[in-house]
Structures are given as structure tokens and as C-alpha cells.
Amino acid sequence: MLMAMWSATLGTQAVVPAAAPSGPPAAPTSVSSAPRTGYVWPLRPDPAVVRPFIAPSQKWAAGHRGVDLLSSTDARVHAAGDGVVSFSGVIAGRGTVAVTHRNGWRTTYEPLATRVQQGATVSAGDLIGTLTPEASHCAPRACLHWGLVIGDRNYRDPLMLLKPQRVVLLPVP
């Protein structure tokens with residue numbers, strides 16, 4: 001009864017149970033281009049996901065710590081959210097940019113050429129570099145490897161930045 005009143009008061013249409021997921025979520029092939037979280041796709045138009053995020057079983061174990069987004073050589077790459085460019089340089093032969101956002105989360109973008117300078121303040125959608133096919137693990141296709149790091153080496157699926165936030169109503173004890 002109380003749950004029904006909360007649902008009616010908040011205007012929700014359904015109550016989502018707060019069950020823990022049984023395994024890694026399936027990687028979506030598309031996400032709404034109008035996110036509610038303040039983040040945007042780093043490529044235009046909205047790209048296809050050609051390789052999903054695969055969480056490592058341990059921080060040091062194998063996995064895919066980001067998503068690969070299909071694009072084309074020299075495509076313009078944009079900041080996914082507001083922040084400060086905390087790194088702009090070359091890592092393992094790939095031009096890389098990292099943007100630290102106000103909440104401390106970091107988004108990463110590679111391989112990039114013509115990169116924005118470290119220390120620059122960027123807004124969601126600002127140009128931060130251009131995609132290069134060199135040293136890409138998607139060869140012969142061009143793709144952007146887009147990552148999300150929360151805290152110290154806690155890799156997460158960056159697609160979660162684009163999904164509307166889910167509200168879960170819990171009963172009052």
C-alpha cells in the first residue's frame with residue numbers, strides 16, 4: 001500500500017526490484033542520443049559499439065577496459081562531459097586524452113592525433129582530438145577506444161554515462 005502511494009506520488013509507472021545482476025550486463029548496440037546524465041557520445045553521429053566493455057575478474061586480469069566505437073580516420077572526437085584535460089600525450093604508441101570530470105571520474109580516448117592540451121577546461125561536446133588509425137587494435141577499421149575510470153583503476157563501462165538513471169523505490173522498514 002505504502003509503495004503504491006509512493007509510486008503514485010512520484011509519478012512512476014513501475015517499481016523496479018533492486019535485485020543484483022546475475023552477471024555482466026549485455027553490451028548495448030545503441031543508446032539514446034539524448035542522455036539525461038549530462039554526458040554525450042564522443043563521436044558524431046552516434047556510433048556503433050564494435051567491442052563491448054568486459055570487466056576484468058581482478059584489477060590486474062585480462063579484460064576490455066572500455067568500449068570500441070566504430071568511426072572513420074580523422075573523425076572529430078568530443079569530450080563526453082565537462083571537465084579538465086588531465087592527460088594529453090602518448091601511451092604505448094597511441095595518442096591518448098584523459099578528461100577528469102567534476103565528480104572525479106575520468107574518461108579516456110584513444111588513439112587520437114591533434115590532441116587538446118593538458119590543463120584545458122572542456123565542456124561536453126567540445127573537440128578534444130581527431131581519430132587516427134595508427135596503432136589501433138580495430139585495424140583495418142578505425143575506431144575510438146573510450147574508457148571510464150572511477151577512483152584508482154576502477155574501470156567501468158563508459159556507456160553507463162549515456163543511460164538514463166534508474167530510480168528504485170524501496171519499502172520503508
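**Exercise 1.** What is the order of the three strands in the open sheet? Work from the predicted model, and then place the edge strands.

*Solution.*
- Step 1. The order is 3-9-7, and the pairing is antiparallel.
- Step 2. Strand 3 (76-78) and strand 7 (112-113) are the edge strands, since each of them pairs on one side only.
- Step 3. Strand 3 runs antiparallel to strand 9 (residues 127-131), and three bridges join them.
- Step 4. Two bridges, again antiparallel, pair strand 7 with strand 9.

**Exercise 2.** Find the residues of strand 9 that stand opposite R76, V77 and A113.

*Solution.*
- Step 1. V77 has G129 as its bridge partner.
- Step 2. R76 stands opposite T130.
- Step 3. A113 also stands opposite T130.

**Exercise 3.** Decide whether strand 9 is enclosed or open to its surroundings.

*Solution.*
- Step 1. Take a residue as buried when its relative accessible area is under 20%.
- Step 2. Four of the five residues of strand 9 are buried, so the rest of the structure largely encloses this strand.

**Exercise 4.** Describe the second largest pocket by its volume and its lining.

*Solution.*
- Step 1. The space in this pocket is about 380 Å³.
- Step 2. Its lining has 17 residues; I91, T96, T108, E110 and Y155 lie nearest the centre.
- Step 3. At least two lining residues come from each of strand 4 (83-91), strand 5 (94-101), strand 6 (106-110) and strand 10 (142-150).
- Step 4. Strand 10 contributes the most, with four residues.
- Step 5. By class, the lining holds seven nonpolar, six polar and four charged residues.

Terms used
Residues are numbered from 1 along each chain as its sequence is written. This is a predicted model: local features need pLDDT of at least 70, side-chain atom pairs count only at pLDDT 80 or more; totals for chains, interfaces and linings use all residues. Side-chain values use heavy atoms; hydrogens and water are left out. Two strands pair if DSSP finds at least two bridges between them. On a 1 Å grid over the protein atoms alone, a cavity is a set of points where a 1.4 Å probe fits but cannot get out, and a pocket is an open set with protein on both sides within 12 Å along at least five of seven lines; lining residues have an atom within 4 Å of a point. Grid points are joined across faces, edges and corners, and a volume is the space filled by probe spheres set on the points. Ala, Val, Leu, Ile, Met, Phe, Trp, Tyr, Cys and Pro count as nonpolar, Asp, Glu, Lys and Arg as charged, and the others, Gly among them, as polar. Buried means under 20% relative accessible area, exposed over 50%, partly exposed in between (1.4 Å probe, protein chains only).
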